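Student: Could we go through this structure together? I should like to start with the ligands and then turn to the side-chain contacts.

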Amino acid sequence: MSILVTGGAGFIGANFVLDWLVQSDETVINLDLLTYAGNRENLSSLGSDGRHVFVQGDIGDSSLVTQLLAKHQPRAIVNFAAESHVDRSIHGPEDFVQTNIVGTFRLLEAARGYWNSLQGDAKQGFRLLHVSTDEVYGSLGKDDTAFTETHRYEPNSPYSASKAASDHLVRAYHHTYGLPVLTTNCSNNYGPYQFPEKLIPLMIVNALAGKPLPVYGDGQQIRDWLYVKDHCSAIRRVLEAGKVGETYNIGGWNEKPNIEIVQLVCSLLDEFRPRADGQRYSEQITYVTDRPGHDRRYAIDASKIAVELGWKPAETFDTGIRKTLEWYLENQDWVAHVQSGSYRDWVEKNYAGRAA
Ligand code: NAD
Ligand code: DAU
């Protein structure tokens, strides 16, 4: 038995593959284009484990995906592959349309052809799980209730619009063709192997390098944080027991304003790795011009997955953030390797002229 994972060299995909192979003997076929966000080093602990078959390629390459499905006959596809960074989608939306919309469409087409070729139990048991985000629901006001699965879609950035489009395609392939799909919409993840362009790893890496900690706008935007391994366990649970055609919200009931997250990272670093000059890391916090169209608040109501599938997160924010900081402190080589030329170009582009 095998599963096809797409985007399995990225942050969440790599954590998913590593966790999967700890608790299952099923082979993982890992299809990843290795964009700037894909990193084979994330999977280096697997060594030459024969249960992991890595293929560099595009989910939008119909013939490649069709060939992989025919050859490996996976019982499921888990689709992580995406352009995932909101700021990058503001600077250049085209890649988001290409991978998140066109790529997902081509993947669905290939999956439909493959599923139609299956028979009996193999056809019955096949699943395509599409990994999506809470951002498709738009932005909440201070007193609004958290997003449930029936909240209307109101995406506000090119990234969230492209993810919303992919969710709609997935839904349509079930409704129209009967393809056995599952969709998950998760809140902000943090943890090992997250590329340091996202809030938490960026703050850790900049703090240690003595650089400014750029907080957008007033820093009062609220995100709902989940440790990445809890996201992975939720996906495994939905794959195992989710009802075909349904969507499941995934979250940690853990809303925090950005400035609080940044302050917490600073105070934990003061504890774990005090600054040589005796100053506090919070001295490095710098308020900068806000992200255009910045969503004010996200919050996930994760009742459905808890009640129907019995899933709940294993980590609190306190335990998860400590593990994350320890991981980044112990893996400075990983950080140095991902800070390639293209990463430096990105930092230049996104933060130049932003000082408020
Ligand atoms: P990431 O940017 O770290 O990784 C994305 C991976 O997809 C990379 O390895 C990249 O090389 C690969 N990829 C990109 N385009 C591809 C293509 N055309 N074909 C094959 N591979 C391609 O992203 P992430 O943070 O790990 O997010 C994974 C998924 O989870 C995304 O679909 C994202 O929308 C969703 N999600 C992320 C979060 C979060 O907080 N990071 C929260 C909820 C949902
Ligand atoms: O909500 C789920 C989403 O979370 C995922 O779908 C996305 O793939 C993922 O990137 C993440 O999106 P965000 O835009 O919320 O994540 P990011 O880490 O970029 O930013 C988190 C918050 O921190 C956001 O309000 C913007 C703010 N921020 C971010 C950066 C990079 C800053 O204040 N300063 C920064 O330098």
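Tutor: What follows takes the two ligands in turn and then the contacts between side chains. Please note that this is a predicted model.

Student: Which residues are closest to ligand 1?

Tutor: The closest are Ile 12, Asp 32, Ser 84, Tyr 159 and Lys 163, out of 29 residues that surround ligand 1.

Student: And what is the make-up of that shell by class?

Tutor: The shell around ligand 1 has 13 nonpolar, 12 polar and 4 charged residues.

Student: Which helices and strands each supply at least two residues of the shell around ligand 1?

Tutor: There are two helices, H1 (11–23) and H6 (158–177), and two strands, S5 (127–133) and S7 (188–190). Strand S5 gives the most, with 3 residues.

Student: What lies 2.6 Å from an oxygen atom of ligand 1?

Tutor: That is an N or O atom in the side chain of Asp 32. Backbone atoms take part as well: a backbone N or O atom of Thr 35 lies 3.0 Å from an oxygen atom of ligand 1, and a polar backbone atom of Phe 80 is also found 3.0 Å from an oxygen atom of the ligand.

Student: How much of ligand 1 does the protein bury?

Tutor: Ligand 1 exposes 830 Å² when taken alone, and the protein buries 96% of that.

Student: Now ligand 2. How many residues surround it, and which are the closest?

Tutor: Ligand 2 is surrounded by 25 residues, and Asp 134, Tyr 159, Arg 291, His 294 and Tyr 351 are the closest. Tyr 159 is thus listed among the closest residues for ligand 1 and for ligand 2.

Student: Which polar side-chain atoms lie by the oxygen atoms of ligand 2?

Tutor: Among them is an N or O atom in the side chain of Tyr 159, 2.6 Å from an oxygen atom of ligand 2. A polar side-chain atom of Glu 135 lies 2.8 Å from an oxygen atom of the ligand, and one of Lys 198 lies 3.1 Å from an oxygen atom of the ligand. Ligand 2 has 680 Å² of accessible area on its own, of which the protein covers 95%.

Student: Where does the largest share of the shell around ligand 2 come from?

Tutor: It comes from strand S8, with 3 residues. Helix H3, helix H7 (199–208) and strand S8 (213–216) each supply at least two residues. By class, this shell has 10 nonpolar, 8 polar and 7 charged residues.

Student: Changing topic: how many salt bridges does the structure hold?

Tutor: The structure holds 19 salt bridges. One of them joins the side chains of Asp 87 and Arg 291, at 2.7 Å from N to O.

Student: Why does that pair tie together parts that are apart in sequence?

Tutor: Asp 87 lies in helix H3 (residues 86–91) and Arg 291 in the loop between strand S12 (285–288) and helix H10 (303–309), so the salt bridge ties together parts 204 residues apart in sequence.

Student: And the aromatic rings: which residues do ring pairs link into a cluster?

Tutor: The cluster consists of Tyr 137, Phe 147, Tyr 153 and Tyr 298. The count of aromatic pairs comes to 18.

Student: Which charged ends sit over rings?

Tutor: The charged end of Arg 112 sits over the ring of Tyr 177, 3.8 Å from its centre. Likewise, the charged end of Lys 123 sits over the ring of Trp 115, 4.6 Å from the ring centre.

Key
Residues numbered from 1 in each chain as written. Chains lettered and ligands numbered in written order. Predicted model: local features only at pLDDT ≥ 70, side-chain atom pairs only at ≥ 80, totals over all residues. Heavy atoms only, no water. Near = heavy atom within 4 Å. Polar contact = N/O pair within 3.5 Å; in protein donor to acceptor, adjacent residues only side chain to side chain. Areas by Shrake-Rupley, 256 points an atom, 1.4 Å probe, with all protein chains shown as cover. Helix = DSSP H or I, 4+ residues; strand = E, 2+ residues; numbered from the N terminus. Nonpolar A, V, L, I, M, F, W, Y, C, P; charged D, E, K, R; others polar. Phe/Tyr/Trp six-rings, centres within 6.5 Å; stacked < 30°, edge-to-face > 60°. Lys NZ or Arg CZ within 6 Å of the ring centre and 35° of its normal. Salt bridge = Lys/Arg side-chain N within 4 Å of Asp/Glu carboxyl O.
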